[in-house]
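Notebook open, structure loaded. I want to go through the charged side chains before anything else.

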Amino acid sequence: MKNDLEIPIQEGCSCTGKTCGAVRHIEDLSHDVDVLRAELRRCEKTNSEDTRRLWFKVGGLIVALGALLPTGWASFLGLI
């Protein structure tokens with residue numbers, strides 16, 4: 001990947017019929033952007049699934065504690 005300062009510059013470029021260095025550089029970067037965008041979507045999906053699994057574990061832990069400690073659960077609900 002090229003640095004922005006490394007964009008090839010053609011002297012007297014009129015960009016008629018040929019693609020100048022800056023346009024080629026932008027086209028090269030568009031591929032990198034597409035790759036990074038796909039990786040971002042994959043990471044977002046993975047994080048979403050991990051978060052969902054974590055909430056299920058938290059819910060299971062709450063239910064298990066409520067079953068093991070019925071007096072504390074009943075007082076928490078205000079039944080006693």
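I started with Arg53, which forms a salt bridge with Glu49; the closest N and O atoms are 4.0 Å apart. This is a predicted model, so I take the distance as a computed one. Both Arg53 and Glu49 lie in helix α1, four residues apart, or about one turn of the helix.

Next I asked which other side chain meets Arg53 in a salt bridge. Asp50 does, at 3.4 Å from N to O. Asp50 and Arg53 are three residues apart in helix α1, so about one helical turn separates them. I noted that Glu49, Asp50 and Arg53 are thus linked in a network of salt bridges.

Then I looked up exposure for the network. Arg53 has a relative accessible area of 42%, Asp50 has 36% and Glu49 has 30%. Partly exposed runs between 20% and 50%, so Arg53 counts as partly exposed, and so do Asp50 and Glu49.

Another pair turned up in helix α1: Glu44 and Arg41, three residues apart, again about one turn of the helix. They form a salt bridge, with the closest N and O atoms 3.4 Å apart. Glu44 is partly exposed at 43% relative accessible area, and Arg41 is partly exposed at 47%. I wrote down four salt bridges as the count for the model.

I moved on to the nonpolar side chains. Which residues make a nonpolar surface patch of about 420 Å²? I found Leu54, Trp55, Val58 and Ile62. Trp55 sits in helix α1, which covers residues 21–68. Is Trp55 buried or exposed? The relative accessible area is 60% and the exposed class begins over 50%, so Trp55 is exposed.

Last, I checked the totals for the chain. The secondary structure comes to two helices and zero strands. Of the 80 residues, 6% count as buried, which for this class means a relative accessible area under 20%. I have the accessible surface of the protein chain down as about 7,100 Å². Carbon and sulfur atoms account for 63% of that surface.

To close the page, I put two items of helix α1 side by side. One is the salt-bridge network of Glu49, Asp50 and Arg53. The other is Trp55, which is in helix α1 and belongs to the nonpolar patch with Leu54, Val58 and Ile62.

Terms used. Residues numbered from 1 in each chain as written. Predicted model: local features only at pLDDT ≥ 70, side-chain atom pairs only at ≥ 80, totals over all residues. Heavy atoms only, no water. Buried < 20%, exposed > 50% of the residue type's maximum accessible area, 1.4 Å probe, protein only. Areas by Shrake-Rupley, 256 points an atom, 1.4 Å probe, with all protein chains shown as cover. Patch = residues over 30% accessible without salt bridge, like charges linked within 9 Å, V, L, I, M, F, W, Y side chains within 5 Å.
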